[in-house]
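Colleague: Before I use these labels, I would like to hear what each of them rests on. Please show me the model and take the terms in turn.

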Amino acid sequence: MAMLGQSSFRRILLSRVLLLSIPILLLGVAVTFRKARTSLLYTARTNLIESAIKKSQTIETSIQGVRSGLAIASETTALQSDDPARRLAFLNQLVENLPGQINCLRLIDIQSSQVITSTCDTPPTRILQPAWPTQRNARSVDSLQPYRLVVDASGDPNQIDNQSQLNLLLSVPIYDTNNRLRYTLNADFVVKQLENAAPWSLLGYTTVVDQNGIFLAHPSPEYVGRSIANEADQGRFRDVLENALRGASDVRHVNFRGDGQEWLVGFTPIPMSLSPTNSQTWVVMAVTPLDHALKGLESITQILLISTAGLLAAHLLAMLYIARDLSLPIEQLGKYAHRIHKRSPLERAPKNFRIRELNHLSEALDNMVSRLEERAKELESAWQEAEAANQLESEFLANTSHELRTPLNAIIGCIRLVRDGCCDTREEELEFLQQADKAAVHLLKIINDLLDIRRIEEEGLPLCMEVVDLCQILQEVLDLQAVHIQQKGLELNLPDLSNPILIQADPARLKQVLLNVVYNAAKFTDTGGITIGTRIETAVDAGEASSLLNGRRDTAEYPPGSWVVVAVQDTGIGIDPDQQHKLFRPFVMVDGTTTRKFEGTGLGLAISRNLIEMMGGSITLSSEGLDQGTTVEITLPIVDRSQVLTELSVNNSANNPVESSSVAGDRSPINS
């Protein structure tokens, strides 16, 4: 029930908003317009000052870079040489290395005042050849290297490409090894600027004026070489020059071209050393038309007018419906938001309001709640993964520390026993040294594994692919591991390795993989034996493949697409099937404790898998369970031997026709 002195929400809202908003709106439009113009003008002023400073830095950097480059070049023996080709080659290379745009480098003989070497075909319009000292002090340093810098103020109006560019001519003397003046090196170069005075751009054109008021660079080439005293707005130009000479960086409004158009001129002084004893102050300006700087004000004015008219109309319409269409939905959404933490998982925010924005708000609220719930689940999952990763990292660090510390302790202990004279005989000393050597080799293997797995993960491990004989590499591996296998009393069953099997692989990395697999088989086997076999798999059916292997001994004619499989089977401790998927992951071992029976970092199989896959093959491991032994199979593609010999014959015939007849028997590896 309405009480005395109260009114409806709709009436109060309509009257208050209209009475208060319309004057404020109009006042806001005026203030906004003035503020926008002030802000645009302030932004333009600030940007033009910064642009002028950057342009001055560019000029200083370019001149200093060319000056330093010429000073260094003047000390080289190439320019002091009497060989014209050598001097020209050096100057051409110097043009590419010097900063800025180098139009021409000229080497001028002091005696004849003639250009003896030049990087350009055009003759010089003038030659800068100051009166250098004929004899240089032998104790002078590079920082005292003399130079002369002048400005090309020709102002050719036909060269449109040279607008706002500063054309300079720099000269340095060249002394011979006896410190006598011999040549002058002149560099004709242009300091280019990044400039744009188009609407919306505040880089501005580049203008440079020396301390005497002469234009050294100007957007209009015909102004170059003219004095500011001849300009229509010379008073403001002189004000700019005087303030710059006092060290100020500021902005002025100037009638830049005398056509009545107002320009913004940002300026900054730049001290310029024309020679070691002569310096000037240049004024670098960044200029742009005032209309271009305030170009955004037009669109702002249009937006303000349209917004004012739209807001006035919107006020009249919105106030009629806002109480009815806004109050109730807001209350419903507010109640839903208050009980959101107690709601049912299937409950959603109220929808189907007459106001589309409120429906969007309702959908957004639902989406936000759903995303928060999903994010909570993701965070929980990520936390669990992080915990597992931390545990794995801690386990790996502990294992690696243990693996590194064990051989180090052995090395230190053995060496100290020998050093302290604790050995009674020479044989005992040699035994301790041999133990230290074994521990050092084991430590080196651990470090190599760590480096290899990192380089593989960074894709920085290079392979030298060659055509090699798998049987020969396998024989070399067995020769290295035979003693270790015999010492453990294991039986070793080998295949027939007399017939070569040619494959494309990196011999060193393949031997590393085979050594690791055979070593693991011997390490985890205490009784029984190790069986190593090879078989060929082709694209034909099983019956034809079997007859191919049993009926033919010559391996030179395998069908295309054949693969060789090297199987290493042991009767060792075996692996639980639930743990087998971990073995090819880096830093993971079935028994990861530091008190485990068998040593290792868990990197061998991971490195082996990556190396074999990089060579185009595959490696698999299978075991029926604990104490059931383990079988590791390495599969690699076979190379057609006849094609290899043909390529060898063709290549050697082209390189050495006399010895081409003996190429067929050559077994030199072919680089991939």
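The exchange below goes through salt bridges, a helix and a surface patch.

Modeller: This is a predicted model, so local features need pLDDT of at least 70 and side-chain atom pairs count only at pLDDT 80 or more, while totals for chains, interfaces and linings use all residues. Residues are numbered from 1 along each chain as its sequence is written, and side-chain values use heavy atoms, with hydrogens and water left out.

Colleague: Why is the pair Asp82 and Arg182 called a salt bridge?

Modeller: The term requires a side-chain nitrogen of Lys or Arg within 4 Å of a carboxyl oxygen of Asp or Glu. For Asp82 and Arg182 the N to O distance is 2.2 Å, so the pair meets the definition. Asp82 lies in the loop between helix H2 (77–80) and helix H3 (84–97) and Arg182 in strand E5 (residues 181–191), so the salt bridge ties together parts that are 100 residues apart in sequence. Helices (H or I, at least four residues) and strands (E, at least two) are DSSP runs, numbered from the N terminus.

Colleague: What makes Asp82 exposed and Arg182 partly exposed?

Modeller: Buried means under 20% relative accessible area, exposed over 50%, and partly exposed in between (1.4 Å probe, protein chains only). Asp82 has 59% and is therefore exposed; Arg182 has 24% and is therefore partly exposed.

Colleague: How do you know that Lys295 and Glu298 meet in a salt bridge?

Modeller: Their N to O distance is 3.7 Å, so the pair also satisfies the definition. Lys295, at 29%, counts as partly exposed, and so does Glu298, at 48%. The structure holds 14 salt bridges.

Colleague: What makes the span of H3 close to the expected one?

Modeller: The expected span is 1.5 Å times one less than the number of residues. H3 has 14 residues and reaches 20 Å from its first C-alpha to its last, against an expected 20 Å. The buried residues of H3 are Arg87, Phe90, Leu91 and Leu94. These residues cover an arc of only 100 degrees around the axis, which puts them on the same side of H3; the arc is that of the directions from the helix axis to the C-beta atoms. On the other side of H3, Ala85 and Glu96 are exposed.

Colleague: Why is Leu20 called exposed?

Modeller: Leu20, found in helix H1 (residues 9–73), has a relative accessible area of 54% and is therefore exposed.
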